[in-house]
Amino acid sequence: MANVKAENSAVKSSVALVGCGWFGFALAKQLVHEGYRVTGCKRSAEELSVLTEVGIEAYPLQLGHEASSAPDAQALSGLFQTDYLVVNIPPRLKRGNAAYLEELQQLIALTQGWQYQRIVFISTTGVYPTQDKLMTEADAMAESSDSQVLLDAEALFQALPHACIVRFAGLVGPKRHPGRFLAGKTDVSGANVAVNLVHLSDCVRAVSAILAATHSGLSVAPIYNLCAPSHPTKAEFYQAAAESLGLVAPEFNQQSMPSKVIQADAIVTDLGFRYQYVSPLDMLAAC
């Protein structure tokens, strides 16, 4: 099936965004601003006005066992018939979401028959083991049942044409200030551990850069890490983060822990991407 091109020459291309939560909504708004036709979804029809108010074509979509009925592929054709597909469904594994892979499989079934120029699947650096090592895109390894699920989820999309997996480090930004994470706590271990974080705005810019590179015919790698290039220690960062909010800084003990460092310069080399926030310490004023 051939892609439908927008008749309006001012519109670059069309993007379907599945998962319009904190990150997805920020990305969708930026893509609308850049001139893309953006379609998106929410779990219920009552939530759609949030999307339509900023120029997103909105559809109700609920996946998995929580859905009252199976999604209607024909009714959702307007959502999925786009040039690009961005999938940002949080796994929520710590909340006991056992249906994550089922949700993704259901989504892929709904999009079958549509030829995307690029599929971007948002994953996490949680696929890397806790080891004293510099982690590149090739170092993912299941060390727990949760990380195995994350890798299985990536594999579903790696099997599709033109897919790019983007692994976010710890995500911070507006309404997610890290200063509250450890404030006031005592006897905290791992003062030596490197901090691997990325700001919301850099995540938005990176996905936009991948779509722009595809539009320009540039080569895009199958996997990219996304993480600020600088890695202060856990003690240095979280003490500064708490103090920036006027909160009590955490107190660390002497117990060292394995310190993995996420290397995320492949997207810089390949696409000329530049991080706006080079260090997690730079992010504190923008959260």
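The dialogue below walks through a predicted model, one feature at a time.

Q: In what order do the strands of the open sheet stand, and how are they paired?
A: A sheet is read by going from one strand to its neighbour. Here seven strands form an open sheet in the order E3-E2-E1-E4-E5-E7-E10, and the pairing is parallel. The edge strands are E3 and strand E10 (223-226), each of which pairs on one side only, and from one strand to the next the twist averages 20°.

Q: How many bridges join strand E1 to E2, and which residue is the partner of Val15?
A: Strand E1 (residues 14-18) and E2 run parallel and are joined by four bridges, and one residue pair to look for is Val15 with its bridge partner Val38 in E2. On the way from strand to strand there is also a helix to follow, since E1, helix H1 (residues 22-33) and E2 make a right-handed β-α-β unit. E2 is in turn joined by four bridges to strand E3 (residues 57-60), again running parallel, and there Cys41 has Tyr59 of E3 as its bridge partner.

Q: Why is strand E2 described as largely enclosed by the rest of the structure?
A: Burial is judged residue by residue, with under 20% relative accessible area counting as buried. In strand E2 (residues 37-42), five of the six residues are buried, so the strand is largely enclosed by the rest of the structure.

Q: Which strands pair with E7, and where are the partners?
A: Strand E5 (residues 118-124) pairs with strand E7 (residues 163-168) in the parallel sense over six bridges, and Val120 stands opposite Cys164 in E7. E7 is also joined to E10 by four bridges, and these two strands run parallel; in this pairing, Phe168 has Leu226 of E10 as its bridge partner.

Q: How should the two faces of E10 be read, as covered or as open?
A: In a regular strand the side chains alternate between the two faces of the sheet. For E10, Ile223 and Asn225 are on one side and Tyr224 and Leu226 on the other, and because all of these are buried, both faces are covered. Helix H6 (residues 200-215) lies across E1, strand E4 (84-87), E5, E7 and E10, and runs at about 155° to E5.

Q: What angle and distance describe the packing of helix H4 and helix H5?
A: Two packed helices are described by the angle between their axes and the distance between the axes. Helix H4 (residues 100-111) and helix H5 (residues 145-158) pack at an angle of about 5°, with their axes 10 Å apart, and they are therefore roughly parallel to each other. On the H4 side the contact is made by Tyr100, Leu101, Leu104, Gln105, Leu107 and Ile108, and on the H5 side by Val149, Asp152, Ala153, Leu156 and Phe157. These residues divide into nine nonpolar, one polar and one charged.

Q: Which residues of H7 are buried, and what do they pack against?
A: In H7, Ala235, Phe237, Tyr238, Ala241 and Ala242 are buried, and the buried residues of this helix pack against strand E9 (197-199) and helix H9 (280-283). H7 is followed by Gly246, whose phi is positive, near 75°.

Q: Is Phe252 buried or exposed, and where does it lie?
A: Phe252 lies in the loop between helix H7 (234-244) and strand E11 (261-262), and with a relative accessible area of 16% it is buried. Leaving aside its neighbours within four places in sequence, Phe252 is in contact with residues including Leu182, Val188, Ala235 and Gln239.

Notes:
Residues numbered from 1 in each chain as written. Predicted model: local features only at pLDDT ≥ 70, side-chain atom pairs only at ≥ 80, totals over all residues. Heavy atoms only, no water. Buried < 20%, exposed > 50% of the residue type's maximum accessible area, 1.4 Å probe, protein only. Contact = heavy atoms within 4.5 Å. Pairing = 2+ DSSP bridges. Right-handed = clockwise from strand over helix to strand, strands pointing away. Axes fitted to C-alpha atoms, helices over the stretch in contact; angles between N-to-C directions. Parallel < 35°, antiparallel > 145°, perpendicular 65-115°, else oblique. Nonpolar A, V, L, I, M, F, W, Y, C, P; charged D, E, K, R; others polar.
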